[in-house]
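Visitor: I would like a close look at a single strand and its surroundings. Please give the cut-offs behind each term as you go.

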Amino acid sequence: MRRFVVLTCMLLLVLTACYKHAHTIVRHGSFGFQYDEPKIYCRRSETSIGFNMECDMGKIVVRFTEESRNTATDSLLNARLDEAWNSCEYRMSELEGKDSQISLAKLIEREDNSSECPTYVAVCPFDAEYFVIVEGFTYGAESKEFKAAFIVLVTTLEPY
């Protein structure tokens with residue numbers, strides 16, 4: 001009996017150590033993409049330019065855009081922030097993706113007038129002719145779970 005308990009515990013440890021996020025593969029127009037789903041529950045809906053993920057704590061908007069591959073991700077991110085949310089202040093950083101560098105902007109401070117500003121905006125190359133712009137809008141206070149969901153989606157999103 002004791003052996004059974006020890007073996008069961010060892011098996012549980014191995015299985016939890018090998019846990020991976022659920023993996024999703026989607027065909028979208030002329031290309032496909034794949035990503036690891038966040039641990040929190042989010043509903044995905046297709047749009048003409050990408051997809052949205054509605055989570056309990058926020059919304060993630062993913063848009064595929066054709067841009068010259070000579071464009072740097074940080075330049076594209078700055079242009080997007082200036083175009084859509086120039087009244088909001090962001091802190092810039094970088095993330096390491098599967099095959100590329102990801103430019104990330106995080107809203108510095110949420111004020112009443114910045115409720116329409118995304119908490120996170122990321123830009124990364126996607127395939128030979130696309131970039132992907134990912135915007136994370138939190139509902140109310142920022143949460144660690146939503147940040148983790150956003151990061152998982154951004155760092156694992158890749159062509160299929």
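Guide: What follows starts from strand β2 and moves outward to the core, the aromatic rings and the disulfides.

This is a predicted model, in which local features need pLDDT of at least 70 and side-chain atom pairs count only at pLDDT 80 or more, while totals for chains, interfaces and linings use all residues. Residues are numbered from 1 along each chain as its sequence is written, and side-chain values use heavy atoms, with hydrogens and water left out.

Strand β2 covers residues 31-36, and 6 of its 6 residues are buried, so the strand is largely enclosed by the rest of the structure. Buried means under 20% relative accessible area, exposed over 50%, and partly exposed in between, with a 1.4 Å probe and protein chains only. Helices (H or I, at least four residues) and strands (E, at least two) are DSSP runs, numbered from the N terminus. In a regular strand the side chains alternate between the two faces of the sheet. Both faces of β2 are covered: one side carries Phe 31, Phe 33 and Tyr 35, the other Gly 32, Gln 34 and Asp 36, and all of these are buried.

β2 pairs with strand β10 (residues 158-159) in the antiparallel sense over 2 bridges; pairing requires that DSSP finds at least two bridges between the strands. The bridge partner of Phe 33 in β10 is Pro 159.

Phe 33 also belongs to the largest nonpolar core, which has 28 residues; Phe 33, Phe 51, Val 62 and Phe 64 touch the most other members. The elements giving two or more residues to this core are β2, β4 (50-55), β5 (58-66), β7 (101-107), β8 (120-126), β9 (130-138) and α3 (144-156). The most comes from α3, with 5 residues. A second, separate core of 15 residues includes Trp 85, Cys 88, Tyr 90 and Ile 133. A nonpolar core is a set of buried Ala, Val, Leu, Ile, Met, Phe, Trp, Tyr and Cys residues joined through side-chain atoms within 4.5 Å.

There are 7 aromatic pairs in the structure. Rings of Phe, Tyr and Trp (its six-membered ring) pair if their centres lie within 6.5 Å; planes under 30 degrees apart count as stacked, over 60 as edge-to-face and the rest as tilted. Tyr 35 and Phe 51 are stacked, at 5.4 Å centre to centre with 15° between the planes. This pair links distant parts of the chain, with Tyr 35 in β2 and Phe 51 in β4, 16 residues apart. Tyr 35 and Phe 51 are both buried. Phe 64 and Phe 126 form a tilted pair, at 4.9 Å centre to centre and 50° between the planes. Phe 64 lies in β5 and Phe 126 in β8, so the pair ties together parts that are 62 residues apart in sequence. The relative accessible area is 9% for Phe 64, which is buried, and 1% for Phe 126, also buried. Phe 33, Tyr 35, Phe 51, Phe 64 and Phe 126 form one aromatic cluster.

Strand β4 also holds a disulfide cysteine. With a disulfide defined as a pair of cysteine sulfur atoms within 2.5 Å, the count comes to 2. Cys 42 and Cys 55 form one of them, with sulfur atoms 2.0 Å apart. Cys 42 is in strand β3 (residues 42-47) and Cys 55 in β4, 13 residues apart.
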